[in-house]
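Work through the exercises below with the structure open. Try each task before reading its solution.

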Amino acid sequence: MSGIRPTGFLHLGNYFGAIRNYVKMQEDFDCFFMVADLHSLTTHPDTKELKANVHRVLAENIACGLDPDKVAFYCQSHVRETAELYLYLNMMAYKGELEKTTTFKDKVRQNPENVNAGLLTYPVLQTADIILHRAKYVPVGKDQEQHLEMARTFANRFNHRYGDVFPEPVAFNYNQTLVKVPSLDGLGKMSKSENQMATLYLADTDDMIRKKVMKAKTDSGPAEKNTPKPDYIENIFLLMNLVCTADTIQKYEEDYNNCTIRYGDLKKQLAEDMVNFIAPIRNQVDAILNDEEGLKQIMQKGAEKANKSAGETMKLVRETMGLNYF
Ligand code: AMP
């Protein structure tokens, strides 16, 4: 089970941190993937763009290979039981532990005039989304590690207080370690809303991709053989690892270690490999977006599957909590 907020265009971080795993997991597991529209309200209360953004997240995931026939692909607000479980879990989440969450502290800093209770209890809502389907594996990027730790805490707390209902959810990635896709300027991670010129979006045109990659920070190259790479160069190699062939990476590693590296050439190669990776995804999105009826059917089918699973879990939750009086 996993989700993505409809707060803007999806980017390479969303792809390599999350969606790539969704597409593989759909072959191996019973999966629930969700557009987290309720989560987006914690920071984006204006709903004018919400419908278009929900449609975009659906279309971009499908263009990346997610198959709505193989998984439950749904919208968070279409599963009303989420709100009920969120309520129960809120009684088990303490103000002190929620205030210590890194993402909460970051968001308070970024937006001090809208520190709402939903923002504070964001990890509780996320836990409700996950354990509502009694999910075990949660494919997410590295930025979600702490939230997953909290999900385990809340699930375990429920189990100890009322009885065993939930498995312990764990952050999942096929390659073991969780991924953080850095921004092109090396100053943070790629993101839907911040640092847009240093983020590669799945909707970027070929020219925009080239422009962004060519602007990535480099220097005049190492002066001595086999010197460690500065952070911003390490980042470029990390991005190459995502889309370039092993031969290309090896060539530039050798050039770096021999002090013969030409960063202009490296960035041109990286830009072309990024274009080749992103363009086929981007080119499919418009056709999917134009088919509003198709998107509606996908959401309805997804909601049906998610509601069935949620209904079963909540029946068990109410019984286990002792909320069955008839
Ligand atoms: P969000 O965009 O915050 O709704 O996140 C959706 C998914 O993408 C989550 O699983 C995140 O962990 C993942 N994600 C977002 N940004 C990055 C990034 N820069 N690197 C790796 N994963 C990311």
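**Exercise 1. Find the polar contacts of the ligand.**

Task: Which polar contacts tie Asn14, Asp143 and Met190 to the ligand?

Solution. Start with Asn14. An N or O atom in its side chain lies 3.0 Å from an oxygen atom of the ligand. This is a predicted model. Go on to Asp143. Here a polar side-chain atom is 2.5 Å from a ligand oxygen. End with Met190. Its backbone supplies the N or O atom, and the partner is a nitrogen atom of the ligand, 3.0 Å away. The cut-off for a polar contact is 3.5 Å.

**Exercise 2. Judge how much of the ligand is covered.**

Task: How much of the ligand's area does the protein bury?

Solution. Take the ligand alone. It exposes 480 Å². Now add the protein. It buries 95% of that area.

**Exercise 3. Describe the shell around the ligand.**

Task: How many residues surround the ligand, and which elements give two or more of them?

Solution. Begin with the place: the ligand sits in the largest pocket. Next, the elements. Strand E1 (2-4) and helix H1 (12-28) each give two or more residues to the shell. H1 gives the most, with four residues. Then take the whole shell. It has 18 residues, and the closest are Arg5, Gly141, Asp143, Val181 and Lys192. Asp143 also makes the side-chain contact at 2.5 Å. Last, sort the shell by class: six nonpolar, seven polar and five charged residues.

**Exercise 4. Map the largest pocket.**

Task: What is the volume of the largest pocket, and which residues lie nearest its centre?

Solution. First, the volume is about 1,200 Å³. Second, count the lining: 49 residues. Nearest the centre are Arg5, Lys107, Asp143, Gln144 and Lys189. Third, look for the elements that supply at least two lining residues each. They are E1, H1, H6, H8, strand E4 (137-139) and helix H9 (145-162). Fourth, sort the lining by class. It holds 15 nonpolar, 23 polar and eleven charged residues.

**Exercise 5. Search for a closed cavity.**

Task: How many cavities of 30 Å³ or more does a search of the whole structure find?

Solution. The search finds one. The largest cavity has a volume of about 40 Å³. Its lining consists of Thr101, Thr103, Phe104, Lys107, Leu119, Tyr122, Pro123 and His147. Helix H6 (102-110) and helix H8 (122-131) each give two or more residues to this lining. H6 gives the most, with three. By class, the lining has four nonpolar, three polar and one charged residue.

**Exercise 6. Turn to the second largest pocket.**

Task: Which residues line the second largest pocket, and how do they divide by class?

Solution. Note the volume: about 150 Å³. Then list the lining. It includes Met1, Met25, Phe29, Asp30, Cys31 and Phe32. The lining also includes His133, Arg134, Ala135, Lys136 and Tyr137. Finish with the classes: seven nonpolar, one polar and three charged.

Notes. Residues are numbered from 1 along each chain as its sequence is written. This is a predicted model: local features need pLDDT of at least 70, side-chain atom pairs count only at pLDDT 80 or more; totals for chains, interfaces and linings use all residues. Side-chain values use heavy atoms; hydrogens and water are left out. A residue is near a molecule or strand if one of its heavy atoms lies within 4 Å of it. A polar contact is a pair of N or O atoms within 3.5 Å; within protein, one must be able to donate a hydrogen and the other to accept it, and residues adjacent in sequence count only if both atoms are side-chain atoms. Accessible areas come from the Shrake-Rupley method with a 1.4 Å probe; for residues, only the protein chains shown count as cover. On a 1 Å grid over the protein atoms alone, a cavity is a set of points where a 1.4 Å probe fits but cannot get out, and a pocket is an open set with protein on both sides within 12 Å along at least five of seven lines; lining residues have an atom within 4 Å of a point. A molecule sits in a cavity or pocket if more than half of its atoms lie within 2 Å of its grid points. Ala, Val, Leu, Ile, Met, Phe, Trp, Tyr, Cys and Pro count as nonpolar, Asp, Glu, Lys and Arg as charged, and the others, Gly among them, as polar. Grid points are joined across faces, edges and corners, and a volume is the space filled by probe spheres set on the points.
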